[in-house]
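Student: I've got a new structure open and I'm not sure where to start. Can we go through it together?
Tutor: Sure, here it is.

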Amino acid sequence: MSHSCIVLGGGGHAWVVVEILQTQKDVTFFGVLDSNLARKGEEISGVSILGGDGELTPLAQQGKIDSFVLGLGGAANNTPRRNLFEKAISLGLYPLSVVHATAVLSCSAILGSGVQRLALSVVGPRAVLGDDVIVNTGAIIEHDCRIGHHVHIATGARLASTVRVGDLAHIGAGATIRQGITIGAGAIVGAGAVVVKNVTAGETVIGSPARPLSKRTLDNPGKPSA
């Protein structure tokens, strides 16, 4: 089945997912929507930016698109990704998964909808990933991990076995999570951090070993609490 796909978000991550999906013969790009209206008319790997996010509803209602892919990356705050994902789902659009040819997936792993597995990423045996998860370039999710919805496992991050990661969490580039650790919903693990203790919901940790920096409220995950 061929899909007429809209790309939601026009940043650097959009180039990554568009170039991967361009290798798949069953995907035709209708265009890109970007919240930065000044970018209208530009192109991402040959795909035109048509306008802002407000164009999504009429395009879906007119039947011009049937699927979507999130080109919006998650830089700590994954709430905007979740909001776009849920909006597109509410309009009846199908979330396309993104799979680089070099990504490794165990046959016993379970993936949700719209998961993005980028170059040289690894998802091990019996791992379970929720919807809209990014497993970025070279990231490793070992066996029996449980990853919630709208989580970003950034470039080169390594999760040892049986790690639990809550919804909307962000695991920074090059971070290492020891086996059996729980990362709470909305938490941020800083780039290069080595996590040897559980991280509570909304907490930000940095360093080696990782230590708390701040805590965000789940109602407003972009703003530290007092």
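**Talking through the model**

Tutor: Let's start with E42, which counts as partly exposed because its relative accessibility is 36%.

Student: OK, and which residue does E42 form a salt bridge with?

Tutor: That's R39, and the closest N and O atoms of the two are 3.0 Å apart. R39 has 18% relative accessibility, so R39 counts as buried. Keep in mind that this is a predicted model.

Student: Which residues are linked in a network with those two?

Tutor: The salt-bridge network links D34, R39 and E42.

Student: Why would side chains pair up like that?

Tutor: Side chains of opposite charge can pair when their charged atoms come close.

Student: How many salt bridges are there?

Tutor: The count is four. One of them joins R81 and D132, with 2.3 Å between the closest N and O atoms. R81 sits in helix α3 and D132 in the loop between β12 (128-129) and β13 (134-135), so this pair ties together parts 51 residues apart in sequence.

Student: Are R81 and D132 buried or exposed?

Tutor: Both are buried.

Student: And what does D144 pair with?

Tutor: D144 forms a salt bridge with R126, and their closest N and O atoms are 3.1 Å apart. This pair also links distant parts of the chain, 18 residues apart: D144 is in the loop between β14 (140-141) and β15 (146-147), while R126 is in the loop between β11 (122-123) and β12.

Student: Buried or exposed, for D144 and then for R126?

Tutor: D144 counts as buried because its relative accessibility is 14%. R126 is exposed, with a relative accessible area of 52%.

Student: Switching topic: how many cavities of 30 Å³ or more are there?

Tutor: One. About 40 Å³ of space lies in the largest cavity.

Student: What lines the largest cavity?

Tutor: The lining is F68, V69, L70, R81, F85, P95, L96, G114, Q116 and D132. Two elements give two or more residues each, β5 (67-70) and α3 (79-90). The largest share, three residues, comes from β5.

Student: Hang on, R81 and D132 again?

Tutor: Yes, the two residues of that salt bridge are also in the lining of the largest cavity.

Student: What's the mix by class in that lining?

Tutor: Six nonpolar, two polar and two charged residues.

Student: Now the backbone. Where's the cis peptide bond?

Tutor: It joins S208 and P209, and omega is about -5°. P209 is in the loop between β24 (203-206) and β25 (211-215).

Student: What about phi of L120?

Tutor: Phi of L120 is near 65°, a positive value in a residue other than glycine. L120 is in the loop between β10 (116-117) and β11, and counts as exposed because its relative accessibility is 57%.

Student: And T162?

Tutor: T162 isn't a glycine, yet its phi is positive, about 60°. T162 is in the loop between β17 (158-159) and β18 (164-165). With 30% relative accessibility, T162 counts as partly exposed.

Student: Last thing: what's the average pLDDT?

Tutor: The protein averages 93, and 94% of the residues score at least 70. Over residues 222-226, though, the pLDDT is below 50, and beyond near neighbours in sequence that stretch has 11 contacts in the model.

Student: How should I read a stretch like that?

Tutor: Where pLDDT is low, the predicted coordinates should not be read in detail.

Note on methods. Residues are numbered from 1 along each chain as its sequence is written. This is a predicted model: local features need pLDDT of at least 70, side-chain atom pairs count only at pLDDT 80 or more; totals for chains, interfaces and linings use all residues. Side-chain values use heavy atoms; hydrogens and water are left out. On a 1 Å grid over the protein atoms alone, a cavity is a set of points where a 1.4 Å probe fits but cannot get out, and a pocket is an open set with protein on both sides within 12 Å along at least five of seven lines; lining residues have an atom within 4 Å of a point. Grid points are joined across faces, edges and corners, and a volume is the space filled by probe spheres set on the points. Helices (H or I, at least four residues) and strands (E, at least two) are DSSP runs, numbered from the N terminus. Ala, Val, Leu, Ile, Met, Phe, Trp, Tyr, Cys and Pro count as nonpolar, Asp, Glu, Lys and Arg as charged, and the others, Gly among them, as polar. A salt bridge is a side-chain nitrogen of Lys or Arg within 4 Å of a carboxyl oxygen of Asp or Glu. Buried means under 20% relative accessible area, exposed over 50%, partly exposed in between (1.4 Å probe, protein chains only). pLDDT is the predictor's confidence in each residue, from 0 to 100. Contact means heavy atoms within 4.5 Å.
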